[in-house]
Amino acid sequence: MLKHKLFIFLIFLMLGSMGCQKQIAAYDTIDQRLQSAFAADGPGVALYVRAPGVGKQLFSVGQANVEKGRPMRSDAMFRIGPLTQSFTSTLILQLVQDGSVGLDDTLDKWLPPEMLDALSNGRQATIRQLLTMSSGIPDYTQNPDFQAAYAANPATIWTPAEVVAYAYGRPAEFAPGTGFALSDTNYVLLQMVAEATTGESLAYTLRERFLSRLDLKETYLERAEDLPEGHVPGYNTTGRVLNEHEGKGLGDDGLVSTTIDLAQFVPALAGRQLYEGEVDFARLTTDMGNGVGYGPGVMKRETAWGTLWGYEGATDGFSGSMWYLPERKITIIALANEETYGDALTSLVMDVLGMVAVPEE
């Protein structure tokens, strides 16, 4: 009996050793891919990978602060830009679920008539169309006047109504429901709807409804909330872009987070676990023309290993990509403090997925 128990113990030790070796090998392979793709002395990237047989792996490359030569950390905080829209959409879908908001409601139920009259499609667009970028409402960020005002003073504290005003008088992209076009105005309007419905700030409602629920301790809405340690500075082709307290802090791109926190959020987003309503609508997507489908605050990418669900995009000084593969329970998050890294992050995610999605022998 003693020999039998010893044999079983040795087998467990051997299997554990094999598992550790596999995890080490995976770490080395992924790290080599990351280090070869991004300069060690340039803006940095933090990468999170979780997969069966590989475990949880954290990586980093490059600089958190190029001027001061501070290396990037895998747990660094980044402005996550349009990935914020996944959080805002989840909140709106919760309000739809509890009956406070209807998908086919128009905005006149919550927003002032003078705003809607000044905004192309403002009277006709529905909540459903705002969520799915099919409203045709023009994007305030594309107004040169807004770009100039933002560049002149990044520290300006913007209200939702102030940024929406930069879309006034600009032509609609198309009639509501007849096309697709990314427009940050949609998600600022959704923020206004949420705040009018709940009577609370977006920051409070996001935290109350699911940031606290998922224990996302290092995710917060910039301007409205502060944490002891802020996010890393952002860069673009002209150099340094934005420091702390210089983001708009709105429902279209205002959140700050980490790869670790987003790894908690994206599986719940993929499964719409934070929303129990009309699941078919929550997973319905429109082809964006780049191999990615866009749904209500979520993106879908078909791969050889299954369907990825998540979000990707860039804002001033930052870019990010968060994905979850439900079929294999694989999570990959990549965040950068360089806004031009978007395509490189997508390539990194797909290469890493190929490394960790290989069936176990």
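Two strands count as paired here if DSSP finds at least two bridges between them. With that in hand, here are my notes on the structure, which is a predicted model.

1. **The three-stranded sheet.** Start with β5 and β9, the latter covering residues 255–257: two bridges join them, and the strands run antiparallel. That number meets the cut-off of at least two bridges, so β5 and β9 count as a pair. If you want a spot to click on, F78 sits opposite S257 of β9. The whole sheet is open, has three strands in the order β5-β9-β6, and is antiparallel in its pairing. At its edges you'll find β5 (78–79) and β6 (220–221), each with pairing on one side only.

2. **The eight-stranded sheet.** Another open sheet has eight strands, ordered β2-β1-β15-β14-β13-β12-β11-β10, and its pairing is antiparallel too. Its edge strands are β2 (55–61) and β10 (286–287), which each pair on one side only. A helix also packs on this sheet: α11, residues 342–356, touches β1 (45–51), β12, β13, β14 (318–325) and β15 (330–336). The direction of α11 makes about 155° with that of β15.

3. **A closer look at β12 and β13.** Within that sheet, β12 takes in residues 299–303 and β13 residues 306–315, and five bridges pair them in the antiparallel sense. Here the residue to look up is E302, which has T307 of β13 opposite.

4. **The nonpolar core and F87.** Which residues touch the most other members of the largest nonpolar core? They are L47, F87, I127 and L189, out of 102 residues in that core. As background, nonpolar side chains in soluble globular proteins tend to be buried together. Take F87 as the example: once neighbours within four places in sequence are set aside, F87 has contacts with I80, L206, F210, L211, L216, L255, L262 and F265. Two of the names on that list, L262 and F265, come back in the next point as buried residues of α9.

5. **Helix α9.** Is α9 mostly enclosed or mostly open to the outside? Largely enclosed by the rest of the structure, because 10 of its 12 residues are buried. The buried set is T259, D261, L262, A263, F265, V266, P267, A268, L269 and A270. From first C-alpha to last, α9 reaches 16 Å, close to the 16 Å you'd expect for its 12 residues at 1.5 Å a residue.

6. **R272, just past α9.** Right after α9, R272 adopts a positive phi of about 50°, although R272 isn't a glycine. R272 lies in the loop that runs between α9 (259–270) and α10 (279–283). Despite being in a loop, R272 counts as buried, because its relative accessibility is 4% and the cut-off is under 20%.

7. **N121, a second positive phi.** N121 isn't a glycine either, yet its phi is positive at about 70°. Look for N121 in the loop between α3 (113–118) and α4 (127–131). Its relative accessible area is 12%, so N121 is buried as well.

8. **A salt bridge across the chain.** The model has 11 salt bridges by the rule used. As a reminder, side chains of opposite charge can pair when their charged atoms come close. One to check is R209 with D98, whose side chains meet at 3.4 Å, N to O. This pair links distant parts of the chain, 111 residues apart: R209 belongs to helix α8 (residues 202–211), while D98 is in the loop between α2 (84–97) and α3. R209 is partly exposed at 27% relative accessible area, and D98 is partly exposed at 43%.

9. **Two more salt bridges.** K109 pairs with D105, with 3.8 Å between the closest N and O atoms. K109 is exposed at 54% relative accessible area, whereas D105 is partly exposed at 22%. In the other bridge, D117 pairs with R123, and the closest N and O atoms are 2.9 Å apart. Exposed or partly exposed, which label does D117 get? Exposed, because its relative accessibility is 53% and the cut-off is over 50%. Its partner R123, at 36%, counts as partly exposed.

Note on methods:
Residues are numbered from 1 along each chain as its sequence is written. This is a predicted model: local features need pLDDT of at least 70, side-chain atom pairs count only at pLDDT 80 or more; totals for chains, interfaces and linings use all residues. Side-chain values use heavy atoms; hydrogens and water are left out. Helices (H or I, at least four residues) and strands (E, at least two) are DSSP runs, numbered from the N terminus. Buried means under 20% relative accessible area, exposed over 50%, partly exposed in between (1.4 Å probe, protein chains only). A nonpolar core is a set of buried Ala, Val, Leu, Ile, Met, Phe, Trp, Tyr and Cys residues joined through side-chain atoms within 4.5 Å. Contact means heavy atoms within 4.5 Å. The expected span of a helix is 1.5 Å times one less than its number of residues. Axes are lines fitted to C-alpha atoms, for helices over the stretch in contact, and angles run from 0 to 180 degrees between N-to-C directions. A salt bridge is a side-chain nitrogen of Lys or Arg within 4 Å of a carboxyl oxygen of Asp or Glu.
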